[in-house]
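Welcome to a short tour, best taken with your viewer open and a selection box at hand. Each stop says what to select next and then what is there.

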Amino acid sequence: MPPPLHKHCNESDELFNDEAKLHHARISVDQLPEMEPLESDVSESFLRDFVKSKGPPQILMLCMLLALGFGSTIGVVPAVMSDRYARLHYGYDGDVSCADYASDEKPLACLQGSADAQNAVSMEQLIGNGITFLSSSLIGSLSDEYGRKGILVFGVFLSLFSPLTLVWIQLDASVSPNWYYAAGVATGLVNWITVALSSLSDVMPQKWRAPSFGLLIAGFSLGFALAPTLAMVLGHLRTSMLALVLVSIGFVITVVYFPETLSPVQAADARQIRRDMVDGLTNNQKVWWAIRRPVYELSILNRNRLFRLLSALAFFSGLVSSGDRTLLIYYIEERLGFNDKDVALMFFIMGILGIFVQGVVLKVMNDLIGERHIVTLCFCLGSLHNVIYGLAKTKAAIFVAVAISSFGAMSFPTISAIKANNVEASEQGRIQGALYSLSALASALGPVTLRFVYHYTKDGAFLGPGSMFIVAAGLYLVAVYCAHLLPPEANSKRGRCEVRTSLALDDTERSSSSPLI
């Protein structure tokens with residue numbers, strides 16, 4: 001039995017060039033991936049290449065516009081929906097909005113309306129993310145075959161319906177808030193962010209994918225930093241109208257200026273692979289194949305140990321982050337008395353730090369410690385900020401937790417880069433879509449799970465209403481363990497000995513890989 005490949009990794013690098021030992025380990029020189037030098041003699045500029053590449057600047061602009069649009073309504077939606085449910089379901093007829101009351105002065109009807117709004121948004125997340133789970137891997141694979149632009153345009157078009165219905169609800173007092181949440185469900189059919197990540201992977205080299213994805217998140221952060229202040233200046237209705245205008249501009253930019261980033265050769269290769277799969281099948285078999293194709297596309301997640309661990313990370317991350325994102329605003333408005341000004345300050349902190357972290361810190365950390373340790377660190381920070389959410393008794397504590405969460409947000413672009421770096425060019429859309437499908441499943445369950453905990457602890461059981469965030473912190477700790485187990489191929493810059501070891505393990509696992517479902 002051959003000795004473990006990693007046993008002599010710290011000895012002489014002559015082993016790496018010894019053809020006999022490579023043959024003994026069942027790895028040929030041809031199997032070794034092309035390694036990029038750790039230091040280049042040529043001065044390279046990440047930002048210069050990002051700006052000059054076709055696609056990334058347009059994606060960054062789209063992110064900023066949509067972040068401004070949707071970010072400006074973050075504090076508007078809970079206030080409008082809670083007030084509308086209170087009036088339609090519980091007979092509230094006050095002259096002022098429920099949002100104008102202090103947290104300890106809210107009428108019972110307003111509290112009940114807030115609970116209905118939280119249940120509605122949890123159900124929206126459950127159904128919308130359930131649709132995304134079924135469609136995202138297939139949509140990603142289709143973008144590998146037929147291009148990114150058309151699917152991206154359709155995804156942004158669906159995003160128009162949320163601000164449109166929000167404006168409609170405020171103009172017509174008889175309209176049920178359920179229309180807004182139905183529009184949110186529709187966006188789950190095509191998630192444009194997955195296609196945007198695939199487009200960046202098409203044109204950016206491996207070593208710059210994590211910083212590129214981070215810059216995309218920085219664009220979101222800039223939008224969210226500025227957006228909530230609009231509600232204080234313009235009011236709820238005019239802010240909603242502005243959001244509709246901003247998202248519409250993003251849609252026009254996507255239609256007119258966004259280039260196709262997928263090369264014709266890669267698209268042709270992907271289509272040929274799919275044709276080979278159905279070649280020789282009868283018509284009935286082709287129909288059955290089309291029905292079960294979404295399940296097949298998901299099977300890429302079971303390709304090797306790295307993908308299985310990434311799947312676990314995507315699940316736990318999606319479970320907690322969706323719960324935080326969906327319920328935190330409702331919670332702090334109801335329990336800590338946050339108003340539009342407080343929400344604006346919170347997102348300003350999150351946005352400014354997000355720009356700094358994603359635009360500066362991520363690249364530095366990626367060069368220093370690699371993707372594996374970044375992901376582990378981020379989930380530790382995620383657990384910490386959820387504990388603070390759960391125990392917070394003051395607004396200041398929430399602001400501190402939000403600041404910490406900005407650093408934890410490095411996990412999303414880093415995980416996206418890891419998966420993009422470990423598949424072929426013809427599979428970029430498929431892997432992004434498949435992992436997003438799993439994340440969507442978790443996102444569907446996250447708000448419902450945390451609401452379940454809240455239902456049984458809101459009256460003081462365990463640690464009180466904030467117990468749901470303590471449970472979320474525990475789930476993040478599970479993700480920390482999974483991140484610690486990530487194999488060497490998670491790093492885009494790694495030593496040759498690590499590559500040799502991981503290739504052998506990957507070769508063994510590929511031979512025994514079975515479908516995920």
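## Salt bridges as a starting point

There are 12 salt bridges in this structure. Please keep in mind throughout that the model is a predicted one.

**Stop 1: helix α5.** Select residues 76–90, the span of helix α5, and show the side chains of Arg87 and Asp83, which both belong to this helix. The two form a salt bridge whose closest N and O atoms are 2.7 Å apart. They sit four residues apart, about one turn of the helix. In an α-helix there are 3.6 residues a turn, so residues three or four places apart point the same way. Is Asp83 buried or exposed? Its relative accessibility is 11%, so Asp83 counts as buried, the cut-off being under 20%. Arg87 is partly exposed, with a relative accessible area of 30%.

**Stop 2: Arg148 and its partners.** Now select Arg148 and add Asp144: their side chains meet in a salt bridge, with 2.9 Å from N to O. Asp144 and Arg148 are both buried. Next add Asp202, which also forms a salt bridge with Arg148, the closest N and O atoms lying 2.8 Å apart. This pair ties together distant parts of the chain: Arg148 is in the loop between α6 (108–146) and α7, while Asp202 is in helix α10 (residues 192–203), 54 residues apart. Asp202 is buried, as is Arg148.

**Stop 3: a network.** Which residues are linked in a network of salt bridges? Select Glu145, Arg274, Arg293, Glu297, Arg303, Glu427 and Arg430 together, and you have the network on screen.

## A nonpolar patch

**Stop 4: the surface.** Switch to a surface view and colour Phe154, Phe157, Phe161, Leu164 and Leu189, which make a nonpolar surface patch of about 410 Å². The elements giving two or more residues to this nonpolar patch are α7 (149–159) and α8 (161–171). Click on Phe161, and you will be in helix α8. With a relative accessible area of 32%, Phe161 is partly exposed.

## Around helix α18

**Stop 5: a helix pair.** Go back to the cartoon and select helix α15 (residues 305–335) with helix α18 (residues 411–421). Their axes come within 11 Å and cross at roughly 155°. Angles over 145 degrees count as roughly antiparallel, and α15 and α18 are therefore roughly antiparallel to each other. The crossing in which α15 passes α18 is left-handed.

**Stop 6: inside α18.** How many residues of α18 are buried? The helix is mostly covered, with 10 of its 11 residues buried. Among them are Pro413, Ile415, Ile418 and Lys419. Ser411 is found in this helix too, and Ser411 is buried, with a relative accessible area of 8%. Draw a distance from Ser411 to Phe379: these residues are 32 apart along the chain, and their C-alpha atoms are separated by 7.5 Å.

**Stop 7: the loop after α18.** Finish at Glu424, in the loop between α18 and α19 (428–457). Glu424 is exposed, with a relative accessible area of 56%. Add Gln266 for a last distance: Glu424 and Gln266 are 158 residues apart in sequence and 9.8 Å apart in space, C-alpha to C-alpha.

Conventions:
Residues numbered from 1 in each chain as written. Predicted model: local features only at pLDDT ≥ 70, side-chain atom pairs only at ≥ 80, totals over all residues. Heavy atoms only, no water. Patch = residues over 30% accessible without salt bridge, like charges linked within 9 Å, V, L, I, M, F, W, Y side chains within 5 Å. Areas by Shrake-Rupley, 256 points an atom, 1.4 Å probe, with all protein chains shown as cover. Salt bridge = Lys/Arg side-chain N within 4 Å of Asp/Glu carboxyl O. Buried < 20%, exposed > 50% of the residue type's maximum accessible area, 1.4 Å probe, protein only. Axes fitted to C-alpha atoms, helices over the stretch in contact; angles between N-to-C directions. Parallel < 35°, antiparallel > 145°, perpendicular 65-115°, else oblique. Left-handed = near helix turned anticlockwise from the far one by under 90°.
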